[in-house]
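I opened the model today to look up a few local features, and I note below what I found.

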Amino acid sequence: MTQPLLLENPRQAECLAAGSSDGRGLTNNHLKPGVRVLCPKLKDLNGIKSEQQALQLIKQQGNSELGFLQFFNLHRMEPAIQQLVWSKQLAAAAAQLLSVQRLRLYQDCVFLKEPGYAETNWHSDLRMTPLDTNTFVTAWIPLRPIKGGEHDSGLVFAACSHRDFALPFWHDLRERDLSDRGYELADTGIMAVGDVSWHHGWLLHCAAPQPPGTSRRLALAVSFYADGARLLACKSDPSVHKHMLHDEDAESYADWLSQLKDAAPARHPLLPLVYP
């Protein structure tokens, strides 16, 4: 995790949050992926017609409490988000952190965490990404001030966990307690609108529940990877542990993954080159 980077125009994030229909209109259109992940036994999602219906299904049939709602790739439809996501300053910082010359945008995702929503479990971004790479970094940008500590739900990082090769090699992470790994835990702390926190694609991170009585937490995550990274060879290479790829973000990559060949370089118009 690096120190937060201040954007040139902090009000850009405020305008972005205000311009996203305050999250409510988007919520109705993006609940089906959450139902799919939390209710794996539910096969037919076409009958979901409202936010209330989706939340009720998660409450009754979900295998976990709802921790957040997520809205993928809004830069493709919202000019304010595209301006921020395609920012040369943001891309240059990502390229510097990864020490690469050419960089592509993987996705953006707006995370909505309502008061009372549950914790976000420990995870790493690359676990949900069909790329065979280590050169991947995510910028986490709050769209309202983050108070820090127990007063808000910022991100918490397990420092240096992206270097812990033994953990995923020997252990099933789905039910794994990390307390014996000796990680130093660090959080984003207090963040102003316009601050950016960065984390590597394999770095384990989580978030606490959103405390009741607080305002909803909106944050934008923007992920980048080095140009030339290849897709996982799930079809052609039997050594690939394709069962390890978590499909939580499948809606994000569905539009381009089927159009590329197995193990091919991840180059597609929906994965634009943003640096240099």
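**Notebook: a cis bond, two turns of backbone, a strand and a helix**

I began with Pro276, which lies in the segment after β12 (273–275). I checked the peptide bond there and found that Tyr275 and Pro276 are joined in cis, with omega at about 5°. I keep in mind that this is a predicted model.

Next I looked up positive phi values outside glycine. Asn73, in the loop between β1 (69–72) and α5 (79–85), has a phi of about 50° although it is not a glycine. I then asked whether Asn73 is buried or exposed; with a relative accessible area of 4%, Asn73 is buried, the cut-off for that being under 20%. Ser99, which I found in the loop between α6 (88–98) and β2 (103–113), also is not a glycine and has a positive phi of about 55°. Ser99, however, counts as exposed at 65% relative accessibility.

I turned to strand β5 (residues 136–142), where seven of seven residues are buried. I noted that both faces are covered, with Phe136, Thr138, Trp140 and Pro142 on one side and Val137, Ala139 and Ile141 on the other. Looking for its partners, I found seven bridges to the antiparallel strand β10 (residues 217–226), where Phe136 has Tyr225 as its bridge partner. Strand β8 (residues 197–200) also pairs with β5 in the antiparallel sense, over four bridges, and there Ala139 is matched with Trp198.

Last, I went through helix α8 (residues 250–257), in which Ala250, Ser252, Tyr253 and Trp256 are buried. Seen down the axis of α8, the buried residues fall within an arc of 145°, so they line one face of the helix.

How values were computed:
Residues are numbered from 1 along each chain as its sequence is written. This is a predicted model: local features need pLDDT of at least 70, side-chain atom pairs count only at pLDDT 80 or more; totals for chains, interfaces and linings use all residues. Side-chain values use heavy atoms; hydrogens and water are left out. Buried means under 20% relative accessible area, exposed over 50%, partly exposed in between (1.4 Å probe, protein chains only). Two strands pair if DSSP finds at least two bridges between them. The arc is that of the directions from the helix axis to the C-beta atoms.
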